[in-house]
Amino acid sequence: MIRFTNVNMTYADGNEALRNLNLHIAQGAMVYITGRSGAGKSTLLRLIALIDRHTRGQIIINGQNLDRVRNNRIPLFRRHIGFMFQDHRLLQDRTVFDNVGLPLVIAGYRHQEIRKRVQAALDKVSLLPKINSYPMSLSGGEQQRVGVARAVVHRPAILLADEPTGNLDPALSWDTMKLFEQFNQVGVTVLIASHDLDMIKRLQKRIITLKSGRILTHAGTPMEKQAQTNETG
Amino acid sequence: MPERQWKNKRRLMKPVNKRKNTRPNTSFKSELKRRFDMWLLQHLQAFIFSLGQFAKYPLSSLLTSAVIGISLALPASFYMLFDNVRFVSSSWDGSVQVTLFLQTEINDEQAATFANKLKDNKNINETTFIKRADALAEYQKLSGFADALNALDENPLPNVILVKPELNNINESDTEALIKELEAMPEVDAAQYDSQWFKRLLYLLDIVNRVIIILSTLLAVGVLLIIGNTIRLSIYNRRAEIEITKLFGGTDSFIQRPFLYSGLWYGAFGGIIAWLLIGISMQLLRGPVKQLANLYASDFQLIGLGFFNSLLLVGTGIALGLFGSWISVKRHLRDIDPV
């Protein structure tokens, strides 16, 4: 699903964010990326979403070589990806419904279909009663769950989450992670950048630790390693 | 995974007809129709959304539209004024005429025969004889000096013959020669040629016309700047939304559409406001102009904008609005990248 081969990323200001990175994440996997700030976690996600383009090496996402994705095709490419942010980035002047429905509106779905899917997604994060509220009136945890709903409403192949629990207390963080796990179980490939090492260790998933743009350690559950070798072989 | 996505899209598709839908492969036609439906839907969304933004901030939208309206109304009303003046002057056009004031001792019959005799001149097209009594009556009616004129013992006005020269061979020197010839006749006291002021008027109108064109151009540029700046501000106000939209796969045309429609609305409302302003001004001017026209024994009435010109005014507003927002969108949307 996601394959990095000898990927280098040097920003315009000369900052080498990723160095000779090799990585493979199988379809349907759930992977945590950890490391100190500045280790390259966010860069990794940005490259996958084509927010930035890597400077060397090869990245293949969902069978597509990113070098071959022309700039005008980037929007279509991104429709297979769902995003989650630490600061949730909801639009304050729109209702929860409009926020969650945005990816569907972008993709040109009809109103009935949008309503159906938004309701399903909000139901999944137990926020259906708040469908007509504005983000301002929600608690931090609720806002984050609206962000989760928005990230999955268009049924993306890949879910990218950048520090999704950064602003949440441990109990809420745990719930959020469990939500991601549910989406993963229905086949979504999930990539989560997080520095909350204690928690992600308890989640028993594959963990990639980055340091100065390289992979420091690679820890994962045996089952997933198995799946990975199967696909590689 | 891509298969699942594809299925979702399939489900959205409206079948062109039932038989075709049973085919396993999507036909080119139905795919085209699906895309067209989507395109139409997204335009409709942007159209309504941008109108919704107007309703959301009615005061600031109204103010911007009003500024545009005034900018459009100024050149439009100048042009209308110009049009009216040109209309009035066009009735004089070609009616270059020489007024002959006859000697006072010439009586009415003599004057009439003289007028007929003049028609034989090959340089004269037409003559109109105005009896001194008629002239006095008209003058009394229109000048307001009725009492003063009544106090006079006799009619101070001479008989007058209006001479229209032959139009085909009229030029400056011929006309001069004709006037000299007429003036030399014993029956004629004085000949007056009214073309000088008319020519001046035509030149003046030409200048006014150019001033209006220059002014219109400047104000059109002004409208472009106003709309461009308004759109620029709203682009930056909605930066977060644009970033998120880009991140979730919104194409550039999807993102710029609501802004273009906003520009369209500003222009359209500006055009309508301009139309209203001109309409109100017309109503205010109609009375006085009518009185003035009466004084000149004319049934002239102000020419309004009319249907076509009203359409042109609003259309100009829309075109300027679209163009202004398009420039702004092209310049500023590119700067925003998802972060």
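In which sense do strand S2 (residues 124-130) of chain B and S3(B) pair, and over how many bridges? Strand S2 of chain B and S3(B) pair in the antiparallel sense, over 6 bridges. Two strands count as paired if DSSP finds at least two bridges between them. Helices (H or I, at least four residues) and strands (E, at least two) are DSSP runs, numbered from the N terminus.

This is a predicted model, in which local features need pLDDT of at least 70 and side-chain atom pairs count only at pLDDT 80 or more, while totals for chains, interfaces and linings use all residues. Residues are numbered from 1 along each chain as its sequence is written, and chains are lettered from A and ligands numbered from 1 in the order in which they are written.

## Strands of chain B

Within the pairing of S2 and S3 of chain B, Glu126(B) stands opposite Lys164(B). S3(B) also pairs with strand S1 (residues 98-102) of chain B, in the antiparallel sense over 4 bridges. There, Phe101(B) has Val160(B) as its bridge partner.

The side chains of strand S3 (residues 160-165) of chain B alternate. Ile161(B), Val163(B) and Pro165(B) point to one face and are buried, whereas Val160(B), Leu162(B) and Lys164(B) point to the other face and are not. A residue is buried if 20 or more other C-beta atoms lie within 10 Å of its own, exposed if 12 or fewer, and partly exposed in between, with C-beta atoms placed from the backbone.

## Chain A as a whole

Chain A holds 8 helices and 10 strands. Its radius of gyration is 18 Å, close to the 17 Å that the globule rule gives for 233 residues, so chain A is as compact as a globular protein of that length. The radius is taken over C-alpha atoms, and the rule is 2.2 Å times the number of residues to the power 0.38. The C-alpha trace of chain A spans about 45 × 40 × 40 Å along its principal axes. Of the 233 residues, 42% count as buried.

## The sheet of chain A

An open sheet of 6 strands in chain A has the order S6-S7-S8-S3-S9-S10, with mixed pairing. Strand S6 (81-84) and strand S10 (214-219) stand at the edges with a single partner strand each, so one side of each has no neighbour in the sheet. Neighbouring strands are turned by 20° against each other on average, direction ignored. Axes here are lines fitted to C-alpha atoms, for helices over the stretch in contact, and angles run from 0 to 180 degrees between N-to-C directions.

Strand S7 (residues 158-162) and strand S8 (residues 189-193) of chain A pair in the parallel sense over 5 bridges. Asp162(A) has Ala193(A) in S8(A) as its bridge partner.

Two helices of chain A lie on these strands; a contact between residues requires C-beta atoms, placed from the backbone, within 7 Å.

| Helix of chain A | Strands of chain A | Angle |
|---|---|---|
| H5 (residues 140-152) | touches S6 and S7 | about 170° with S6(A) |
| H6 (residues 170-185) | lies across S3 (30-34), S7 and S8 | about 155° to S8(A) |

## Domains and a loop residue

The domain assignment, which is automatic or from a database, gives chain A a domain 1 (1-80 + 156-233) and a domain 2 (87-155). Their centres, taken over C-alpha atoms, are separated by 24 Å. Of domain 1, 10 residues are in contact with 10 residues of domain 2. H6(A) gives the largest share of the domain 1 side, 4 residues.

Glu163(A) lies in the loop between S7 and H6 of chain A. Its phi is positive, about 50°, although Glu163(A) is not a glycine. Most residues other than glycine have a negative phi. With 18 other C-beta atoms within 10 Å, Glu163(A) is partly exposed.

## Where the chains meet

Between the chains, 23 residues of chain A are in contact with 21 residues of chain B. Helix H2 (74-78) and helix H3 (96-106) of chain A each supply at least two residues of the chain A side, and H3(A) gives the most, with 4 residues.

Helix H10 (residues 239-247) of chain B has several buried residues, among them Ile242(B), Ile244(B) and Leu247(B). The buried residues of H10(B) pack against H2, S6 and H3 of chain A together with helix H11 (252-295) of chain B. Just after H10(B), Gly249(B) takes a positive phi of about 90°.
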